[in-house]
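Dear colleague,

Please find below the structure that I am handing over to you, with its sequence. My findings follow it.

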Protein chains: 2
Amino acid sequence: MNILDKINTQLSEFSKSERKVAEVIIAAPHEAIHASIATLAKQADVSEPTVNRFCRRLDTKGYPDFKLHLAQSLANGTPYVNRHVDESDSPQAYTEKIFESTMACLDTARQSIDVNSINRAVDLLTQARQISFFGLGASASVAHDAQNKFFRFNVPVVCFDDIVMMRMSCINSNDGDVVVFFSHTGRTKSLVELAQVARSNEAIVIGITELDTPLAKECNLVLSSNVPEDTDMYMPMASRIAQLVLVDVLATGFTLRRGNKFRDNLKKVKDSLKISRFEKK
Amino acid sequence: MNILDKINTQLSEFSKSERKVAEVIIAAPHEAIHASIATLAKQADVSEPTVNRFCRRLDTKGYPDFKLHLAQSLANGTPYVNRHVDESDSPQAYTEKIFESTMACLDTARQSIDVNSINRAVDLLTQARQISFFGLGASASVAHDAQNKFFRFNVPVVCFDDIVMMRMSCINSNDGDVVVFFSHTGRTKSLVELAQVARSNEAIVIGITELDTPLAKECNLVLSSNVPEDTDMYMPMASRIAQLVLVDVLATGFTLRRGNKFRDNLKKVKDSLKISRFEKK
DNA sequence: ACTACAGATGTAATAAATTTACATTTTCTA
DNA sequence: TAGAAAATGTAAATTTATTACATCTGTAGT
C-alpha cells in the first residue's frame with residue numbers, strides 16, 4: 001500500500017510535531033528520500049527522534065525502512081492509482097488504465113497467494129487419474145484454457161461448460177479423479193451442488209474461487225486469488241486474468257514435478273503443430 | 001531506468017567480487033533492500049567496501065542510495081529480471097516468477113500497443129451488424145472470453161473454435177459483419193485462408209495477432225500485443241494474457257462509446273445472474 | 001488556580017551502519 | 001619472475017539512526 005497515501009489518510013492521527021514532518025515530506029517527497037534523518041528533522045523544525053517516531057507510527061521499522069517505502073511509492077511517477085475508467089477517458093487513457101489495473105491486480109494476487117496450497121494442488125494434479133475442469137460463463141473460458149494446457153501433458157483431461165455434462169461427469173467420478181471448479185463468485189448454486197456430488201463419489205475437488213464462499217466450503221482445497229472486487233465493474237476482468245495466471249502456475253508446477261523426460265513430451269506437442277502453420281520467414 | 005536491468009547489463013564489466021555481490025542481489029532483490037551492507041557483504045562473501053564500490057560503479061552515491069534505487073525498481077510489481085522458471089525452483093519461486101513475467105509482459109504490451117488501432121477497432125466493432133470471434137487451440141479460450149464479454153452488450157455475436165463452423169460462418173458473412181481472428185502465431189494456415197474468405201465476402205477482418213505474419217496481411221486491421229517470444233516456453237502463456245487484456249480494452253472502449261443508457265443494459269445482465277447464486281452473507 | 005498525570009517533545013548518550021584511508025593480495029605484463 | 005596496476009580486505013573514522021531519559025505541555029480533577 002502506498003505510503004504517501006497512508007500519510008495523507010493518517011494526517012489527523014499525528015501529533016503536532018509529527019504533522020510538521022508529514023508536511024515536509026508531502027511537499028517534497030523526492031527530496032525526502034535523499035535526506036538523512038537529521039536534515040529532515042531540521043527542515044521540519046523538530047528533533048530527530050520525532051522523525052523516527054513518525055516513521056514507526058506508519059508501521060515501518062525506522063527511518064531507513066521508511067525511506068525505502070517512500071521510494072517505492074514514488075517509483076514510476078504515479079503508480080497505478082487511477083484504476084477506474086472514466087466516461088471522458090480517451091482511448092489512450094482507458095487502454096493504459098486497464099493494463100495498469102490488471103497489473104496491479106496481479107500484483108495483489110501474487111502477494112495474497114498461499115504457496116502451500118499451490119504446492120498441494122500440484123501434488124493432487126500430478127497424482128490424478130483424470131482431471132476435469134468446470135466453469136460457467138466467464139469462467140468457462142478459464143476452464144477451456146486449463147484444458148488446453150493440461151491436455152499437452154498427456155494426462156486424461158476433460159472440460160465442460162455445460163451443467164448437464166458436468167453432472168454426468170461428476171456422477172461417474174471416482175477415487176483418483178480431480179475436479180477443478182472455476183468460479184469468480186463461489187456462489188453459483190449448481191456448481192456448489194456439483195462439488196458435493198463429486199466429493200461424495202470420492203473425487204478430489206479443487207476450487208479456484210473466493211475463500212469463505214459456499215463453493216469453497218465444499219472443496220478439498222481452495223485456491224483464492226483474492227482480488228479486490230471493485231476492479232470488476234460490470235463484468236469479470238482482472239479477477240479472471242488472475243485465475244488464468246494461477247492456471248499457468250499450476251501447469252508450470254506440474255511440468256517441474258514431472259521432470260525432464262516429460263518436457264520432451266511438451267516439445268513433441270508443440271512440434272506437431274508445425275505442419276499446420278506457415279513457415280517463419 | 002531500472003537498476004536491476006542495469007546490473008544484468010553490466011554483469012561482464014564487474015570484477016570477480018563485484019559479480020558475487022550482483023548475483024546475491026539478483027537472486028533475492030526483495031531481501032537485499034532490507035539488508036545492511038554488512039549482511040550483504042557476508043552473503044556475497046566479500047568485504048563491505050567491495051559492496052560499496054559495487055554501488056558506486058552503478059552510478060549511485062553509496063549503499064543507501066543504491067538501496068533506494070533498487071527499491072524503486074521493485075516497486076509496484078514492476079517486473080524484474082529473473083523471468084525464467086528454473087528446474088530447481090521452489091513453488092514460491094516459480095509462482096512469483098510466473099506472476100512477474102506476466103506483469104512484465106503486460107507492461108511491454110501496453111507500451112507497444114497502437115492506440116489509434118484500438119480506436120479504429122472500437123469504431124468497427126460498435127458499427128458491426130454482427131461480430132464473430134474465431135480462435136483455435138489456446139486462442140479458442142480467448143475467443144470464448146471475447147464472446148462472453150460482447151454478448152453482454154446485446155449485440156449479435158458468435159464464437160467458433162471449429163474450422164468447419166468457421167468456414168460456414170465466413171461463407172455466409174456480409175457487408176457489416178466484423179470477424180475477429182485470434183492467433184498467437186499468425187501462421188495457422190486454415191485461419192489465413194478463412195480470413196481471405198471473409199474478406200472476399202465484404203466482412204471486415206480484425207486480427208489480434210503478430211504484425212508481419214501471413215494472417216496479419218489478410219486483415220483490414222491488426223492489433224498486435226508484441227510480446228517477447230521467449231516468455232512462452234512450451235505453451236502460450238503471457239502472450240495469451242496480453243490478448244485477453246486487449247479484449248478487455250476493446251470491450252471497455254465499446255461500452256464507453258455506447259454511453260450511459262447502455263451501461264444500464266450491462267447491469268441488467270449482471271443482475272439477471274443473481275437468481276442462480278447464493279446470497280452474499 | 002493548583003496538582004498530578006499522561007502524552008508529547010527534546011537532549012544527549014549509545015549503537016549501528018557506512019565510508020574512508022591505507023595495507024595486503026592478486027593478476028597481468030614485460 | 002619482477003614489478004606495476006588492479007582488486008580486495010582491514011581497521012579506523014565518520015556519519016547516521018536509535019535508545020534512554022529528562023523536560024515540557026496540556027488537561028482533568030480538586
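In this predicted model, a backbone N or O atom of Ile37(B) lies 2.5 Å from a phosphate oxygen of DNA strand C. Chain A also reaches the phosphates of this strand. A polar side-chain atom of Ser15(A) is placed 2.2 Å from a phosphate oxygen of DNA strand C, and a polar backbone atom of Ser47(A) is 2.9 Å from a phosphate oxygen of that strand.

Which elements give two or more residues to the surface near DNA strand C? In chain A they are helix H2 (16-27) and helix H5 (48-57), and in chain B they are helix H5 (48-57) and helix H6 (63-74). The most is given by H5(B), which supplies four residues to this surface.

In total, 18 residues surround DNA strand C. The closest are Ser15(A) and Ser17(A) from chain A, together with Ile37(B), Asn52(B) and Arg56(B) from chain B. Of the atoms of DNA strand C that come within 4 Å of the protein, 72% belong to sugar and phosphate. As for the character of the surface near this strand, its residues comprise six nonpolar, seven polar and five charged ones.

I also looked at one position in chain A, namely Ser101(A), which is found in helix H7 (residues 91-112). Is Ser101(A) buried or exposed? The relative accessible area of Ser101(A) is 11%, and the residue therefore counts as buried, the cut-off being under 20%. A polar atom of the Ser101(A) side chain lies 3.2 Å from the backbone oxygen of Ile98(A). In sequence, Ser101(A) and Met237(A) are separated by 136 residues, while their C-alpha atoms are 9.8 Å apart in space.

Finally, some overall values for chain A may be of use to you. Chain A contains 14 helices and five strands. It has 281 residues, of which 54% count as buried. Among the contacts in chain A with a separation of 6 or more, 67% come from residues 24 or more positions apart. The area that chain A exposes is about 12900 Å², and carbon and sulfur atoms supply 49% of this area.

With kind regards

How values were computed: Residues are numbered from 1 along each chain as its sequence is written. Chains are lettered from A and ligands numbered from 1 in the order in which they are written. This is a predicted model: local features need pLDDT of at least 70, side-chain atom pairs count only at pLDDT 80 or more; totals for chains, interfaces and linings use all residues. Side-chain values use heavy atoms; hydrogens and water are left out. Buried means under 20% relative accessible area, exposed over 50%, partly exposed in between (1.4 Å probe, protein chains only). Contact means heavy atoms within 4.5 Å. Accessible areas come from the Shrake-Rupley method with a 1.4 Å probe; for residues, only the protein chains shown count as cover. A residue is near a molecule or strand if one of its heavy atoms lies within 4 Å of it. A polar contact is a pair of N or O atoms within 3.5 Å; within protein, one must be able to donate a hydrogen and the other to accept it, and residues adjacent in sequence count only if both atoms are side-chain atoms. Ala, Val, Leu, Ile, Met, Phe, Trp, Tyr, Cys and Pro count as nonpolar, Asp, Glu, Lys and Arg as charged, and the others, Gly among them, as polar.
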